[in-house]
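Here is a short set of exercises to work through at your own pace. Keep the sequence and the 3D view open, and try each task before reading its solution.

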Amino acid sequence: MSTAAVTEKRHSTLRGASLPKWTPWAIAAGSIALGVGIGVVAGLDSKIQWGLIAALLFVLGSYGIAARVEGRRQAKDRIATSLVWVAFILALIPLVSLLWVTVQRGVKVFDFYFLSHSMGVVADTETGGGIYHAIIGTLEQVGIAALIAVPVGVLTAVYLVEYGRGRLSRAITFFVDVMTGIPSIVAGLFVLSFWILILDMGYSGFAGSLALAILMMPVVVRSTEEMLKLVPNELREASLALGVPKWRTILKVVLPTSIGGITTGVMLAIARITGETAPMLLLVWGTTFINNNPFKDPQASLPLYIYQQYANSAGSGAAYDRAWAAALALIGFVMILNLVARGIARWKAPKTGR
């Protein structure tokens, strides 16, 4: 017998019994069937209860079968994996349900006419109208907020990671942490009291952008700071060893290396502020007509449009349909932003040579 055959035989005797790869799927199918059966027999009307029973049976079944065939040590690994899958499905159910309801109710009036017309002289209780004026307002307000918050946030993060030492750095970190938890209504009240009541600048889309920038800034600082910390110090030291100034090292080495993560963080911050309604109610005020100038007079936005359609509908089905269609447009807008972020991150990612 050759050496390779002896080695293979020894390995085969040391390898314990293992379950087939399809075992988790079979256990899941059996757990779902048992959960439904128990729910029907027990007279449970809620399908959520059926799902919880099935999840419990799946975890217990995975542990019991794995302990009997593979041993307790492998069974503990199986039960940890099962808990992760159950947690993932429980987190996914609300998201899928939300998307399903939004698409189901939003497609009733979601068409080119709805996207290309404003409310104009259409009353909230009447059919017709669209979100063109709200789309313009949202794009301008979010764009201005990003132009304000992104440079300030990125430069603040660069200072904290590359230069920050001592009391000033600790104070900036503390206030960034505090700003991260500020409710949106507080940011709206601050801009209202300073920009509108004290300076008497009036309601406008720019006033709403100021509040959105306040909400966006700490998210950009935190995400950019974490991405900059992931850049290996060896890259900085190699650049400095060649005599490159520190500012040029940051500009040519550190930022390009982390640009993918920074872009993703910026897109997440934009997605967070896109759906804010409270600052829009206080500062933008809303209008049914098209206003292309964000620096003068009230302006519409998608979150404000959705709120107004629900609040002023008086039970009208047309207003409800428009609100759901606007919510669908808002979800689509955020999804497009995330796709753009992924594209930029992949485009600007450092070349690995593979």
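Two residues are in contact when heavy atoms of theirs lie within 4.5 Å. Please remember that this is a predicted model.

**Exercise 1.** Find which residues L283 is in contact with, leaving aside its neighbours within four places in sequence.

*Solution.*
- Step 1: Select L283 and set aside its neighbours within four places in sequence.
- Step 2: Apply the cut-off of 4.5 Å between heavy atoms.
- Step 3: The contacts of L283 are then G188, V191, L192, I196, Y203, S204, A207, G208 and A211.

**Exercise 2.** Work out how many residues the largest nonpolar core has, and which helix gives the most to it.

*Solution.*
- Step 1: The largest nonpolar core has 41 residues. Those with the most contacts inside it are L283, M216, L228, V266, I270 and I273.
- Step 2: At least two residues of this core come from each of α6 (132–163), α8 (184–198), α9, α11 (246–274), α12 (278–284) and α14 (317–348).
- Step 3: With 10 residues, α9 gives the most to this core.
- Step 4: Look also for a second, separate core of 14 residues; I131, L302, Y305 and A327 are included in it.

**Exercise 3.** Find which residues are linked with E225 in a network of salt bridges.

*Solution.*
- Step 1: Start with R222, whose salt bridge with E225 has its closest N and O atoms 2.5 Å apart. Both residues lie in helix α9 (residues 205–229), three residues apart, which is about one turn of the helix.
- Step 2: Go on to K229, whose side chain meets that of E225 in a salt bridge (3.6 Å, N to O). E225 and K229 are separated by about one helical turn because they are four residues apart in helix α9.
- Step 3: Add D177, and you have the network of D177, R222, E225 and K229.

**Exercise 4.** Decide for E225 and R222: buried or partly exposed?

*Solution.*
- Step 1: Buried means under 20% relative accessible area.
- Step 2: E225 has 5% relative accessibility, so E225 counts as buried.
- Step 3: R222 has 22% relative accessibility and therefore counts as partly exposed.

**Exercise 5.** Find how many salt bridges the structure holds, and look at the one between R78 and E70.

*Solution.*
- Step 1: The structure holds five salt bridges.
- Step 2: One joins the side chains of R78 and E70 (3.0 Å, N to O).
- Step 3: E70 counts as buried because its relative accessibility is 17%.

How values were computed. Residues are numbered from 1 along each chain as its sequence is written. This is a predicted model: local features need pLDDT of at least 70, side-chain atom pairs count only at pLDDT 80 or more; totals for chains, interfaces and linings use all residues. Side-chain values use heavy atoms; hydrogens and water are left out. A salt bridge is a side-chain nitrogen of Lys or Arg within 4 Å of a carboxyl oxygen of Asp or Glu. Buried means under 20% relative accessible area, exposed over 50%, partly exposed in between (1.4 Å probe, protein chains only). A nonpolar core is a set of buried Ala, Val, Leu, Ile, Met, Phe, Trp, Tyr and Cys residues joined through side-chain atoms within 4.5 Å.
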